[in-house]
Amino acid sequence: MTIRIATLCTAGALALAVGTGAAFGQAPAAPPLPTGDAVLARYVEVTGGAAAYDAIKNRVVHARMEILGAGVVLNLTVYAAAPASTYTQAESEATGRIESGVSDGVAWENSAMRGPIVKEGIERDDALRDAIFDRMAHWKDHLKSAECTALAGVNGKPAYRVVATPTSGTPQTLFFDKESGLLVRAETTAMSAAGAVQVIAEPGDFRKVDGIMMAFTNRVQVMGQQRVVTIEKVEQNAALPSDRFALPSEIKALIKK
């Protein structure tokens, strides 16, 4: 609808210019927005291309997350494999160990705060969405729609605003830098132990690893906190243990109940 309106406005401006010789000095109408699919396709291309993504079957990311102003630093290790398996371990003196993952359609978490849980409802749907390996590169397989709704400003630079609605899970609002095509902001609502919370993430420091551009920093705003995630090491197509994504015994016990 936005594109149609922009096109009509452009046609109207041209008609006025022809009929009046632009006597009123009107500013030219803004060009029509690209489609959401076009924005996403450009992102895939500028970050390496489909062939480079298809060559990667798994990934291990070692990172650290600092909660600014709280004096809390968590060490993170994230394992991910196609098509949709994940295992994440986060640990610090303040939080203890927090484990979570997705395997064979089961989304789970085990922490001192919540104990072992099997996620359900929206929380499960969002975990399954996030577990899709390199989902941004394969958006056609899991998005119902991707609509470019505006040209917005992100940190003083123009970016295309795309509302991405998955087949399962909560929609996300994504912002892609107009010049570079890179993802510069993602906004979503996430379910947590405290209920629904807004999450705003701003990736940056893009570097090429095995032919793919990856963000090595991510500034996250959630629940009034500023969190900075910094990647320290990335391994791709690593030799993973066969049971890396196996469900923990505590989770298996919950499923049997």
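Visitor: Which residues does Thr86 touch, not counting residues up to four places away in sequence?
Guide: This is a predicted model, and in it Thr86 has its place in strand S3, residues 85-92. With a relative accessible area of 15%, Thr86 is buried. Leaving out residues up to four places away in sequence, its contacts are Tyr79, Ala80, Ser100, Gly101, Val102, Ala131 and Phe245.

Visitor: Okay, and Met213: is that one buried, exposed or partly exposed?
Guide: Find Met213 in strand S12. To be buried, a residue has to be under 20% relative accessible area, and to be exposed it has to be over 50%. Met213 comes in at 21%, so the label is partly exposed.

Visitor: How far apart in space are Met213 and Val44, C-alpha to C-alpha?
Guide: In sequence the two are 169 residues apart. Met213 does touch Val46 and Thr47, and its other contacts beyond four places in sequence include Tyr53 and Phe206. For Met213 and Val44, the C-alpha to C-alpha distance is 9.5 Å.

Visitor: Val44 is in helix H2, right? Which residues of H2 are buried, and where around the axis do they sit?
Guide: Yep, H2 covers residues 36-46, and its buried residues are Gly36, Val39, Leu40, Tyr43 and Val44. Around the axis they take up an arc of only 140 degrees, so they sit on the same side of H2.

Visitor: What follows H2 with a positive phi?
Guide: Look just after the helix for a residue whose phi is near 145 degrees. That value is positive, and the residue is Gly48.

Visitor: Back to S12. In what sense does it pair with S11, and over how many bridges?
Guide: S12 runs over residues 212-222, and its pairing with S11 is antiparallel. As one example, Ala201 stands opposite Val220 in S12. The number of bridges between the two strands is 10.

Visitor: Which residue in the hairpin of S11 and S12 takes a positive phi?
Guide: The hairpin has two residues between its strands. The positive phi there is near 55 degrees, and it belongs to Asp210.

Visitor: Let's do charges. How many salt bridges does the structure hold?
Guide: Side chains of opposite charge can pair when their charged atoms come close. One such pair here is Arg59 with Asp134. For the structure, the count of salt bridges is 14.

Visitor: How many residues apart in sequence are the parts that Arg59 and Asp134 tie together?
Guide: Their closest N and O atoms are 3.0 Å apart. Arg59 lies in strand S1 (58-67), while Asp134 lies in the loop between helix H4 and helix H5, so the pair links parts whose separation in sequence is 75 residues.

Visitor: Are those two buried or exposed?
Guide: Arg59 has 10% relative accessibility, and Asp134 has a relative accessible area of 15%. The cut-off for buried is under 20%. So Arg59 counts as buried, and Asp134 is likewise buried.

Visitor: Which Glu residues form salt bridges with Arg185?
Guide: Arg185 is buried at 17% relative accessible area. One partner has its closest atoms 4.0 Å away, and the other comes to 2.5 Å. The 4.0 Å partner is Glu187, and the 2.5 Å partner is Glu202.

Visitor: Which strands does the pair of Glu202 and Arg185 tie together?
Guide: Glu202 is buried too, with a relative accessible area of 15%. It lies in S11 (195-209) and Arg185 lies in S10 (183-192), so the pair joins parts 17 residues apart in sequence, in strands S11 and S10.

Visitor: Which residues do shared partners join into one network?
Guide: The joining is done by salt bridges that have partners in common. The network's members are Glu109, Arg114, Lys119 and Glu123.

Note on methods: Residues numbered from 1 in each chain as written. Predicted model: local features only at pLDDT ≥ 70, side-chain atom pairs only at ≥ 80, totals over all residues. Heavy atoms only, no water. Salt bridge = Lys/Arg side-chain N within 4 Å of Asp/Glu carboxyl O. Helix = DSSP H or I, 4+ residues; strand = E, 2+ residues; numbered from the N terminus. Buried < 20%, exposed > 50% of the residue type's maximum accessible area, 1.4 Å probe, protein only. Arc of directions from axis to C-beta. Pairing = 2+ DSSP bridges. Contact = heavy atoms within 4.5 Å.
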